[in-house]
Structures are given as C-alpha cells and as structure tokens.
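Me: I should like a close look at a single part of this structure. Please take one residue as the starting point and work outwards to its surroundings.

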Amino acid sequence: MTEPTTAEQTQPKPEYYDHDDSDNVCFLCGEPKYTTRFEITHYDFPFTFKECQCGLVKQTPMPNEKFFEWFFNSSVFYSSHKTGKKSIWGYFDYFGEEPSRLRSDKWRFKKLRKYFESIDPDFSKLKLVQIGSGGGSFLHVAGEAGIDARGSDVSGGFADFARKTYGVAVDVGRFEETDYADGEFDAVILFNVIENVPNQVEFLTAINKKLKPGGLFILNYVDTRKNMIESMQKEKYFLYRPPVTYIFDTPVLNRTLEKFGFETVDTIHDKRTLNLEKIFTLLSMNWMQRILKALRLHKIQLRLWAYPSRVVIAKKAREADAI
Ligand SMILES: [Zn+2]
C-alpha cells in the first residue's frame with residue numbers, strides 16, 4: 001500500500017506535546033487525582049482523556065502551542081471533507097459553512113445585545129475583541145450594530161478570509177502575546193475556543209487583564225453534565241478529538257471562571273444553525289450523510305440547541321489571582 005500524501009500533515013510530532021503537564025498537574029483544584037475516561041484509538045494516532053477528582057477533563061499528554069500552530073494552519077483543520085478523513089478533526093468544510101455560521105451569529109448577537117447595552121447603551125464607546133474570530137461573521141454582525149469590534153486569531157487563513165469577506169479587523173497571533181493594553185476592552189468574546197486552549201492559566205489571566213473592571217467575558221462551551229449524546233456515543237462523541245485540550249461541565253466551568261476573577265451573570269442556550277450534512281458528520285453517522293446527499297437534502301439548515309452548548313455571560317469582578 002502506498003503511503004497517503006497527507007500522512008505528514010495528519011501525524012503530530014512528539015514536540016507538539018507539553019511534557020511539563022502531567023497527572024501531577026490540575027490548574028483548577030491543585031489536588032490532581034486522575035482516572036482515565038477514554039483511550040481514543042479511532043484517529044490517526046492514539047490519545048487519552050482523563051478526569052480529575054474535581055471534575056475537570058483533560059487530554060494527556062497535553063498538546064502544546066506547536067501542536068496548534070501546526071493544526072490551525074493544516075488542511076485537517078479546515079476540511080475533513082477535502083482531506084477525506086472519516087473522523088472530523090476540525091471542521092467538515094469550514095468555508096462552505098459560512099452561511100450557517102452567519103445565521104448562528106445573528107441569533108447570538110440578538111440574544112447578547114442587552115448585555116452589551118448594559119455597558120454602553122448606544123455602543124459608541126464599546127470596544128470588543130473576539131478571540132478565535134474565525135470567518136469573521138460575529139465581528140461583522142457586531143460591527144453593523146455600531147460596536148468597535150476586532151478579532152484575534154492564530155490562523156492566518158481565517159484572518160484573510162474574515163478581512164476579505166467582511167472587511168473586519170483581525171490581529172493574527174495568540175491573544176496572550178498580542179500587544180493590547182491592560183483594561184483595553186469592554187467585552188471579550190469566545191465561541192468554540194475554550195476547549196482548544198492548552199494553557200488555561202495563561203489564557204484566562206490574560207483575558208482578565210485586558211478587560212476593564214466590570215467588563216463582559218462571554219463564551220460558549222459544551223456541557224458534558226447529563227449529556228445524553230455523550231453517554232450514548234462515549235469515546236466517539238465529537239468532543240474527544242485531537243485538538244480538544246479541556247472539557248468542562250457547568251459546575252467545573254463556573255468554578256474556573258470564579259478562580260480567574262469572573263462572576264457569572266447569566267447563561268443561555270446556544271442555538272446554532274447547522275446543515276444536515278454537518279449534523280450527521282458530528283454524530284459519526286456517515287451512512288445517513290450519504291442518503292441525504294443522494295436525496296439532495298444535505299444542505300438543509302436547521303436551528304437547534306446543538307451539542308448541547310451554552311453561552312455564559314460573565315463579568316470581571318476582580319483581578320485574577322496570581323498563580
Ligand atoms: Zn482537579
């Protein structure tokens with residue numbers, strides 16, 4: 001059998017892992033005691049998820065920045081559809097999903113509007129940054145409403161796409177390393193980011209620092225508590241993927257926010273617009289996808305409370321503790 005040409009791109013190297021992170025480390029409780037949750041073998045290489053006694057779930061060994069530099073700029077990230085991967089690493093077809101994403105972000109903005117107004121009723125002075133701004137659809141929607149919104153993204157490909165498609169401003173690089181002033185932002189937003197951050201301490205401390213006192217920190221996450229799809233699918237559940245570093249349920253997320261100086265204000269269901277093709281890929285039901293495609297129904301969009309994912313609205317209550 002000949003070696004597939006994508007072999008090099010789909011195999012991370014040993015230096016892509018943080019060898020200082022281990023079963024002796026838990027950033028949340030400081031009293032690490034891990035048990036193995038799943039050993040994943042159905043991707044191109046094996047990896048493990050472990051759960052600490054405090055409820056936090058992490059991948060071990062932990063992928064590091066080098067892993068993400070490689071991953072976010074590789075074709076396995078943008079499109080499993082194009083690389084022909086059966087198991088979805090990043091996105092099924094990122095750029096093809098833009099219309100669905102724009103609809104999701106319009107819905108999200110409508111729901112979040114009142115929290116932004118509570119900071120600045122006419123948005124004339126409201127400064128927002130979205131970390132992991134991706135294709136730029138949320139920045140576009142916020143910008144149309146009059147908010148000074150900019151993106152921060154580690155992927156140059158996404159930044160280019162966002163600039164070209166929507167004319168929005170995006171800084172390429174890691175948020176922690178970008179030269180923003182302390183207290184520069186009234187709001188920091190992240191969608192589908194928190195589960196891909198290898199160093200949560202560095203990341204959440206930086207967010208706290210760059211926010212004004214009382215500023216909003218808004219993020220979504222997939223809740224694994226009482227999650228029926230996760231209990232049914234077990235290690236096939238879509239969260240157990242190579243680039244997922246940490247998995248949170250609601251109590252663990254609230255505890256994390258509190259630890260880094262944020263106070264939860266509200267939580268809402270994160271309704272998403274997804275097309276049928278993507279839904280069945282996430283569910284690993286490729287046979288269903290083939291049927292839908294044959295019937296030409298695969299691009300039908302549905303708005304649903306997927307995953308189930310929640311959006312937390314928190315505010316900066318104090319400076320993050322020095323850790
Ligand atoms: Zn712990």
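Reply: **Asparagine 220 and its surroundings**

Asparagine 220 has a relative accessible area of 2%, and because the limit for a buried residue is under 20%, asparagine 220 is buried. The model considered here is a predicted one. Asparagine 220 belongs to strand β10, which runs over residues 211-222. Its side chain reaches the backbone nitrogen of asparagine 192 at a distance of 2.7 Å.

Strand β10 also leads to the nonpolar interior. The largest nonpolar core comprises 36 residues, and those touching the most other members are Leu56, Val188, Leu190, Phe203, Ile207, Phe217 and Phe248. Two or more residues of this core come from each of β6 (127-131), β9 (185-190), α8 (200-210), β10, α10 (250-259) and β15 (309-316). In soluble globular proteins, nonpolar side chains tend to be buried together. Isoleucine 207 shows how such members meet: leaving aside neighbours within four places in sequence, isoleucine 207 is in contact with Ile131, Phe175, Val188, Leu190, Phe217 and Phe262. A second, separate core of 26 residues includes Phe138, Leu139, Tyr166 and Val311.

Tyr166 directs attention to helix α7 (residues 156-166), in which Phe158, Ala159, Ala162 and Tyr166 are buried. Viewed down the axis of α7, the buried residues fall within an arc of 100°, so they line one face of the helix. An α-helix has 3.6 residues a turn, so residues three or four places apart point the same way. Just after α7, glycine 167 adopts a positive phi of about 65°.

Leu56, named above among the members of the largest core, is also one of the residues touched by tyrosine 246. Tyrosine 246 is found in strand β11 (residues 246-247), and its 4% relative accessibility is the reason why tyrosine 246 counts as buried. Not counting residues up to four places away in sequence, tyrosine 246 touches Asp21, Phe27, Leu56, Val57, Lys58, Met62, Glu195, Val197, Pro198 and Gln200. For one of these, valine 57, the C-alpha atom is separated from that of tyrosine 246 by 5.6 Å, although the two residues are 189 apart along the chain.

Another of these contacts, Phe27, falls in sequence between two donors of the zinc ion, Cys26 and Cys29. The protein donors are the SG atoms of Cys26, Cys29, Cys52 and Cys54, lying 2.3 Å from the zinc ion. Along the chain they follow the spacing C-x2-C-x22-C-x1-C. The angles among the 4 donor atoms are 106 to 114°, and the site is tetrahedral. Both cysteine 26 and cysteine 29 are buried.

Note on methods
Residues are numbered from 1 along each chain as its sequence is written. This is a predicted model: local features need pLDDT of at least 70, side-chain atom pairs count only at pLDDT 80 or more; totals for chains, interfaces and linings use all residues. Side-chain values use heavy atoms; hydrogens and water are left out. Donors are N, O and S atoms within 2.8 Å of the metal (3.2 Å for Na, K and Ca); water is not among the atoms, so sites may look incomplete. Four donors count as tetrahedral if all angles lie between 85 and 135 degrees; four count as square planar and six as octahedral if opposite donors are over 155 degrees apart and all others between 65 and 115; anything else is irregular. Buried means under 20% relative accessible area, exposed over 50%, partly exposed in between (1.4 Å probe, protein chains only). Helices (H or I, at least four residues) and strands (E, at least two) are DSSP runs, numbered from the N terminus. Contact means heavy atoms within 4.5 Å. The arc is that of the directions from the helix axis to the C-beta atoms. A polar contact is a pair of N or O atoms within 3.5 Å; within protein, one must be able to donate a hydrogen and the other to accept it, and residues adjacent in sequence count only if both atoms are side-chain atoms. A nonpolar core is a set of buried Ala, Val, Leu, Ile, Met, Phe, Trp, Tyr and Cys residues joined through side-chain atoms within 4.5 Å.
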